[in-house]
Amino acid sequence: MVNVVDTLAGKRPQGDKVRHPEKAHRPDQPVARKPAWIRVKAPGSPVYNETQKIVRDNKLVTVCEEAGCPNIGECWSKKHSTFMIMGDTCTRACAFCNVATGKPLPLDPEEPENVAIAVEKLGLTHVVVTSVDRDDLDDGGAAHIAATIRAIRAKSPATTIEVLTPDFLKKDGALEIVVAAKPDVFNHNLETVPGNYLSVRPGARYFHSIRLLQRVKELDPEIFTKSGIMVGLGEERNEVLQLMDDLRSADVDFITIGQYLQPTKKHHEVTHFVTPDEFKSYETVAYTKGFLMVSASPLTRSSHHAGEDFARLRAARAAKSA
């Protein structure tokens, strides 16, 4: 069984402020009992505590904590952390997400350098940097993401960098700013099948996200592209297979598929739990469709095992080229 621990209790500047005001009026959704195959260890190892201290000392936000990721104990015990930049408050209100919604604070100009310092201290060979949606900014935060990439490169030139970006909807030129900074992996998650967008991801547009990923390859074919979805949100198998085809039409290299876990009673309910055998089937089909890399399991998340997966991804491209 997954135990989600609020590691930010008492540390958020908003104190007791409602985390999801837009969901407060919604009726409670039933929280389904998790099956036996979804189990993680509770966090608390010495290395976990060391990682947490580095994050705190540099005043950083991590999606590991903000999204209540079930893999935080494993990842932080290996000094693997996914940094969430541009604050801890998102301008979107997706039905699945546990990141706080509201009016964000201004960008911290020291954040790119602070992230770079933390990457250096942790000795990361591969780092994942994600962000909240910042629809309030003219460029959606693209320049801030690019500045973070450059800061990491300056302090840790051997570290490979993966960015997990917003969709930059209606932000002309924003994508080009991020791609010009040359991350090794450009990740943008579709999150779910197109039929679920109005209820699950109402602020986004499915085919805009597909086009975003396609455009990355047009701008720089050397950058690996990646996208992920959750299952258990009411999708049908044939919809997932069509989504795979849509991603391959955009020449996306890497797909992740994980089980959706409901953060609170106010979030979208889990419609079903996908079995490990079903995940294995999705993995097999995805490889036949031409993805260089596939990660599909109940606890798969976009940045889980990202370093190991990047090494395999690079090897797969080299083998294909050979």
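These legends accompany close-up views of a predicted model.

**View 1. The whole chain, with its eleven helices and nine strands.** The chain has 322 residues, and 54% of them are buried. Take the contacts between residues at least 6 apart in sequence: 78% join residues at least 24 apart. The accessible surface comes to about 14,300 Å². Carbon and sulfur atoms hold 54% of that surface.

**View 2. The largest nonpolar core, a set of 59 residues.** Five members touch the most other members: Phe-186, Met-244, Leu-247, Ile-255 and Ile-257. Helix H5, residues 142-155, gives the most to this core. Its share is six residues. In soluble globular proteins, nonpolar side chains tend to be buried together.

**View 3. Leu-247 and its contacts beyond four places in sequence.** Leu-247 is in contact with Leu-190, Ile-210 and Leu-213. Ser-227, Val-252, Ile-255 and Phe-291 complete the list of contacts. Both Leu-247 and Ile-255 are among the core members that touch the most others.

**View 4. A second, separate core.** This core has eleven residues. Among them are Phe-96, Tyr-260, Leu-261 and Phe-273.

**View 5. The second largest cavity, with about 50 Å³ of space.** The model has three cavities of 30 Å³ or more. The lining of the second largest includes Val-31, Ala-32 and Lys-34. Gln-262 and Val-270 also line this cavity, as do Leu-261 and Phe-273. Leu-261 and Phe-273 also belong to the second core. By class, the lining has five nonpolar residues, one polar and one charged. Which lining residue is charged? The charged one is Lys-34, because Lys counts as charged.

Notes: Residues are numbered from 1 along each chain as its sequence is written. This is a predicted model: local features need pLDDT of at least 70, side-chain atom pairs count only at pLDDT 80 or more; totals for chains, interfaces and linings use all residues. Side-chain values use heavy atoms; hydrogens and water are left out. On a 1 Å grid over the protein atoms alone, a cavity is a set of points where a 1.4 Å probe fits but cannot get out, and a pocket is an open set with protein on both sides within 12 Å along at least five of seven lines; lining residues have an atom within 4 Å of a point. Grid points are joined across faces, edges and corners, and a volume is the space filled by probe spheres set on the points. A nonpolar core is a set of buried Ala, Val, Leu, Ile, Met, Phe, Trp, Tyr and Cys residues joined through side-chain atoms within 4.5 Å. Buried means under 20% relative accessible area, exposed over 50%, partly exposed in between (1.4 Å probe, protein chains only). Helices (H or I, at least four residues) and strands (E, at least two) are DSSP runs, numbered from the N terminus. Contact means heavy atoms within 4.5 Å. Accessible areas come from the Shrake-Rupley method with a 1.4 Å probe; for residues, only the protein chains shown count as cover.
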